[in-house]
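Colleague: Hey, I've just opened this one for the first time. Could you walk me through it?

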Amino acid sequence: MPFLGQDWRSPGWSWIKTEDGWKRCEPWSKGLEGENNRCGASHGTILNSEDEEIFNNEEHEYASKKRKKDHFRNDRNTQCFYREKWIYVHKESTRERHGYCTLGEAFNRLDFFSAVQDARRFTYVARLLQLIAKSQLTSLSGVAQKNYFNVLDKIVQKVLDDHQNPRLIKDLLQDLSSTLCILIRGVGKSVLVGNINIWVCRLETILNWQQQLQNLQMTEQVDSGLTLSDLPVHMLSNILYRFSDGWDIVTLGQVTPTLSALSEDRRLWKKLCQYHFGEKQFCRHLILSEKGHIEWKLMYFALQKHYPTKEQYGDTLHFCRHCSILFWKDCRLALLLEDSGHPCTAADPDSCFTPVSPQHFIDLFKF
């Protein structure tokens, strides 16, 4: 019986040893037709062909998995792994749960991509990214880093498209670029997760975003209908009293002369100071005019440099004290489906919910 072998470097071909030497056969898919088999391969050829078929199938399966993995890795428009809106927050291992939840895992598991598109949650997510940039960037895993910059990219593109909240995102990018410059200089201390070249590219991307936001031009809308200038003075005053950020009042005051005069109202700035700061803080930074009156506007910006202001958000993450679950609470969906936003087992779920500020979110993962 002739000796049969295969050259795996040439998939589909078989070799057979004859009296005249080694001869190469047709591919096994063509050579198993009985009389059409040029080499007259025996039953051994069939066995080797089956082995080769198994090998080729495994090779194709491996290539398919690799293509899917590369496509998933290069897909920068989607968040990695999860689309859930809640996550268990446990700080120690138990018999029921092994390991503990980290900031990076929470950032991966919660649906921040959808939150960016929600006007009620946009400011919340932007503020959270800013706090992470200031102090927690090095604690993120590689996947969490990728998700962080994907969400940031989505935020920047949204601002460039709709021209809303540019100042908020400029502050975020400024803090992030400052942190990255410090961390990249300290690369010898191994403070960053990942290749240093990736971080340098990310820093270049941030600088490019900053330039785009700097060149952002507000398009003037031509509308023959009712405009802000057509509103009565008392309505314009009520609008200004709704703002909780002094810079927003200053910006709106630049629109028309009437708004400019209303934005200098002492009572407006007094209420703003009283909302954000306490009396003890007033006494430490008291600013008086030449006539002995308190300069509330100047005091607001002076106090803002020394003390944090109260933060207002249309919607926030919530924490269930009963289940130890952090989740997005969709109030509209809850009313329709009587769903609290997570699998709560409490008799009265609403009594267990606590709103979570961006700083509180980070503090949950400080062990």
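Modeller: Sure, we'll go from the whole chain to a helix, some salt bridges, a surface patch and a histidine. Keep in mind that this is a predicted model.

Colleague: Okay, how many helices and strands are there in the chain?

Modeller: The chain has 16 helices and seven strands.

Colleague: And what share of the residues is buried?

Modeller: Of the 367 residues in the chain, 37% are buried. The chain exposes about 22900 Å², and 51% of that comes from carbon and sulfur atoms.

Colleague: What about contacts between residues at least 6 apart in sequence, how many of those join residues at least 24 apart?

Modeller: That would be 63% of them.

Colleague: Let's pick a helix. How far does α5 reach from its first C-alpha to its last?

Modeller: Helix α5 covers residues 119–136, so to speak 18 residues, and it reaches 25 Å. That is close to the 26 Å expected at 1.5 Å a residue.

Colleague: Which residues of α5 are buried?

Modeller: Among them are Phe 122, Val 125, Leu 128, Leu 129 and Ile 132. The buried ones also include polar or charged names such as Arg 121 and Gln 136.

Colleague: Is there a general point about spacing along a helix that I should know?

Modeller: An α-helix has 3.6 residues a turn, so residues three or four places apart point the same way.

Colleague: Switching to salt bridges: how many does the structure hold?

Modeller: Eleven. One of them pairs Asp 175 with Lys 134, and their closest N and O atoms are 3.9 Å apart. That pair links distant parts of the chain, with Asp 175 in helix α7 (residues 166–185) and Lys 134 in helix α5, 41 residues apart.

Colleague: Why does Lys 134 count as partly exposed?

Modeller: Because its relative accessible area is 48%, and partly exposed runs between 20% and 50%.

Colleague: Got another bridge for me?

Modeller: Glu 264 bridges to Lys 297, with the closest N and O atoms 2.9 Å apart. Here too distant parts of the chain are linked: Glu 264 sits in the loop between α11 and α12, Lys 297 is in helix α14 (residues 296–306), and 33 residues separate them. Both ends are partly exposed, Glu 264 at 44% relative accessibility and Lys 297 at 24%.

Colleague: And what does Arg 267 form a salt bridge with?

Modeller: With Asp 265, the closest N and O atoms being 3.8 Å apart. Arg 267 counts as exposed because its relative accessible area is 60%. Elsewhere, salt bridges that share partners join Asp 118, Arg 120, Arg 121 and Asp 315 into one network.

Colleague: New topic: which residues form the nonpolar patch on the surface?

Modeller: Leu 228, Ile 239 and Val 255 do, with about 220 Å² of accessible area together. Ile 239 lies in helix α9 (residues 233–241) and is partly exposed, at 31% relative accessible area.

Colleague: Last one, the histidine. Is His 318 buried or exposed?

Modeller: His 318 is buried, because its relative accessibility is 11% and the cut-off for buried is under 20%. His 318 lies in strand β5 (residues 317–320).

Colleague: What does His 318 touch, leaving out residues up to four places away in sequence?

Modeller: Its contacts include Ile 325, Leu 326, Phe 327, Phe 353 and Pro 355. A polar atom of the His 318 side chain also lies 3.1 Å from the backbone oxygen of Thr 316.

How values were computed:
Residues numbered from 1 in each chain as written. Predicted model: local features only at pLDDT ≥ 70, side-chain atom pairs only at ≥ 80, totals over all residues. Heavy atoms only, no water. Helix = DSSP H or I, 4+ residues; strand = E, 2+ residues; numbered from the N terminus. Buried < 20%, exposed > 50% of the residue type's maximum accessible area, 1.4 Å probe, protein only. Polar contact = N/O pair within 3.5 Å; in protein donor to acceptor, adjacent residues only side chain to side chain. Contact = heavy atoms within 4.5 Å. Patch = residues over 30% accessible without salt bridge, like charges linked within 9 Å, V, L, I, M, F, W, Y side chains within 5 Å. Areas by Shrake-Rupley, 256 points an atom, 1.4 Å probe, with all protein chains shown as cover. Salt bridge = Lys/Arg side-chain N within 4 Å of Asp/Glu carboxyl O. Expected span 1.5 Å × (residues − 1).
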